[in-house]
Amino acid sequence: MPEKWNKRRRQMTLRDSDGRIVPQSPKVQLGSEKPGNTGVGKAVRIFRDQDAPPPTLSGETSVLDRLDRITHRAETHPEEVFNNLFSLLNYELLWYAFRRLKRGKTPGVDGVTVEDYEENLEGNLRELLSRLHRGSYRPMPSLRKNIPKGNGKTRALGISCVEDKLVQSAIVMILEQIYEVDFYDFSYGYRPGKSCHGTLANLGGIIATRKVNWVSDADIKGFFDNVSHERLVELLRKRISDRKMLRLICRFLKAGVMVNGKLQATEDGVPQGASLSPLLANVYLHYVLDEWFEQEVRPRLRGEAYLIRFADDFICCFELESDARRYQAVLPKRLDRFSLSIAEEKTKLIRFGRFARRDSQRRGEGAPATFDFLGFTHYCGRSRAGKFKLKRKTSGKKLRVKLKEMRLWFHHQLSTAVGEMWQVLNAKLRGHYQYYGINDNWPMLMAYRSKVRRMAKRHLSRRSQNSYVNWDDFNRFTELHPLANPKRLTDLIAMNRQGVCGGEK
């Protein structure tokens, strides 16, 4: 391992601090009884109440109130440039940021888990705060882990250390107060109060009720790997002039990754899996795509046009074919200015909407084309009354990936107790139903459950040489230990009518 990395590890080593000693109060000392297990000279146990507020100095303004003031300032002064954000990184904010971390996750390159860090939480936070404000804090490289994608390729995830996750979470809490005011309502990815179902509901409402005849389905090629650090900092400077905060963000961008024990530099891109990456990605695409579409593209079009974006996946809807083709012609040039490119094989323009079936039949084009978005195939269907209805079903690509993952999971459960395995299996099924259980997708839910049921029967037969299970035995087993069934579907149409998914800004 390089000497520079060894030096950094020594600088980042956590030091053990002494336990806190709590003396007795004068009133207790005068009494005849001692206060249980907190007698004279005994160290206090770590306080683990996650819902209790962190200590705040008397007369000091809470960091949450200061964050609210930033939000108000951003709303009332849209052109304001903030220059004193780093001072918000105090003990109270770090405490709140730590409580947002999830337990039981894979540790980073230092091997420290959230539970390990919590054993001396106050001492660790105090020391981290000191290093932050001295300028000696250096993020550790993220641990590279590749997960399979549906097309045979892999997606690189970056697993950060607990301390780096904590600092990133604190930065997100600060920057969200500014950018949640700036972001458009059609931007949904990884934002508070927004979800994939809200994205789909809003898209369905636009296609069903607005003048939409064409849909542009475009895909940015390797977005998270090609974000330009230089251009990202330029875009951040539109709202942030605090040098310390910008320097800290740059250190995260340049922290590098550990691949097979070797440190690799990161010249471009933001690591997927880091707490800060989704916000930085949204900031980048806010200026590159959202603001450009609203302020430059839509005013120049003859018909109506709408954009829906979830992280780097986006769909554009148009009234006129000429507008759609003009947009598709200029989009690659716009992205190229910011070191991004279009994946040509995944980009298409299709006739879609309330009149797509009629227009396709008149032109002899057959059934209207479909498009995939957020794991669902969208197609033109009909309601019971015979009117147009946007319908969705689980994408065939996603279904194959889910079944492959389930088959691999069963393979690794041969030595796991059946009761424990069955409990996890039902949790996986419920998670699948929770996301894919939407209007018109019931048949695909039951198809998935049927295939998983066959896998489960085969798995029970393979646990030993004498454990063959026929269908009668399996049916009796599932009567005692049933497989989870989908209980109800999420009504995206109702979500859109009630305004749960948000509107346009």
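The exercises below work through a predicted model of one protein, each with a step-by-step solution.

**Exercise 1. The protein as a whole**

Task: State how many helices and strands the protein has, and what share of its residues is buried.

Solution.
Step 1. The protein has 19 helices and 11 strands.
Step 2. The protein has 505 residues, and buried ones make up 46% of them.
Step 3. The area exposed by the protein is about 27200 Å², of which carbon and sulfur atoms supply 48%.
Step 4. Among contacts in the protein with a separation of 6 or more, 71% are between residues 24 or more positions apart.

**Exercise 2. A pair of rings and its neighbour**

Task: Classify the ring pair F376 and Y435 as stacked, tilted or edge-to-face.

Solution.
Step 1. The structure holds 20 aromatic pairs.
Step 2. In the pair F376 and Y435, the ring centres are 5.5 Å apart and the planes stand at 35°. Planes under 30 degrees apart count as stacked and those over 60 as edge-to-face, with the rest tilted. The angle of 35° therefore makes this pair tilted.
Step 3. F376 belongs to strand β10 (residues 376–382) and Y435 to helix α16 (residues 418–436). The two residues are 59 residues apart, and the pair links distant parts of the chain.
Step 4. F376 has a relative accessible area of 0% and is buried, whereas Y435, at 23%, is partly exposed.
Step 5. Y435 also pairs with Y436: the centres are 4.9 Å apart and the planes are at 90°, so this pair is edge-to-face. Y436 counts as buried, with 5% relative accessibility.

A further group of rings is the aromatic cluster formed by F223, F224, Y284 and F338.

**Exercise 3. Charges over rings**

Task: Find which ring lies under the charged end of R126, and which ring has K194 over its face.

Solution.
Step 1. For R126, the ring is that of Y91, and the charged end sits 3.9 Å from the ring centre.
Step 2. For K194, the ring is that of Y188, with a distance of 4.6 Å to the ring centre.

**Exercise 4. Salt bridges within a helix**

Task: For the salt bridges R231 with E234 and D323 with R326, say where the partners lie and whether each is buried or partly exposed.

Solution.
Step 1. The count of salt bridges is 18.
Step 2. In the salt bridge between R231 and E234, the closest N and O atoms are 3.2 Å apart. Both residues are in helix α10 (residues 229–236), 3 residues apart, which is about one turn of the helix.
Step 3. R231 is partly exposed at a relative accessible area of 24%. E234 is partly exposed as well, at 36%.
Step 4. D323 and R326 form a salt bridge at 4.0 Å, N to O. They lie 3 residues apart in helix α13 (residues 321–336), again about one turn.
Step 5. Buried means under 20% relative accessible area. D323 has 0% relative accessibility, so it counts as buried. R326, at 44%, counts as partly exposed.

**Exercise 5. A salt bridge between distant parts**

Task: Explain why the salt bridge of D440 and K389 ties together parts that are apart in sequence.

Solution.
Step 1. The side chains of D440 and K389 meet at 3.2 Å, N to O.
Step 2. D440 lies in the loop between α16 and α17 (442–461), and K389 lies in strand β11 (residues 388–394). The pair therefore ties together parts that are 51 residues apart in sequence.
Step 3. D440 is partly exposed, with a relative accessible area of 28%. K389, at 22% relative accessibility, also counts as partly exposed.
Step 4. Elsewhere, R99, R103 and E118 are joined into one network by salt bridges that share partners.

**Exercise 6. Helix α6**

Task: Compare the span of helix α6 with the expected span, and name residues of α6 that are buried.

Solution.
Step 1. Helix α6 (residues 121–134) has 14 residues. From first C-alpha to last it reaches 20 Å, close to the 20 Å expected at 1.5 Å a residue.
Step 2. The buried residues in α6 include L121, N124, L125, E127, L128, L129, R131 and L132.
Step 3. G135 follows α6 and has a positive phi, near 85°.

**Exercise 7. A residue in a loop**

Task: Decide whether Q413 is buried or exposed, and list its contacts beyond four places in sequence.

Solution.
Step 1. Q413 is in the loop between α15 (396–411) and α16.
Step 2. Q413 has a relative accessible area of 12% and is buried.
Step 3. With neighbours within four places in sequence left aside, Q413 is in contact with M421, H459 and R463.

Key: Residues are numbered from 1 along each chain as its sequence is written. This is a predicted model: local features need pLDDT of at least 70, side-chain atom pairs count only at pLDDT 80 or more; totals for chains, interfaces and linings use all residues. Side-chain values use heavy atoms; hydrogens and water are left out. Rings of Phe, Tyr and Trp (its six-membered ring) pair if their centres lie within 6.5 Å; planes under 30 degrees apart count as stacked, over 60 as edge-to-face and the rest as tilted. Helices (H or I, at least four residues) and strands (E, at least two) are DSSP runs, numbered from the N terminus. Buried means under 20% relative accessible area, exposed over 50%, partly exposed in between (1.4 Å probe, protein chains only). A charge sits over a ring if NZ of Lys or CZ of Arg is within 6 Å of the ring centre and within 35 degrees of the ring normal. The expected span of a helix is 1.5 Å times one less than its number of residues. Contact means heavy atoms within 4.5 Å. Accessible areas come from the Shrake-Rupley method with a 1.4 Å probe; for residues, only the protein chains shown count as cover.
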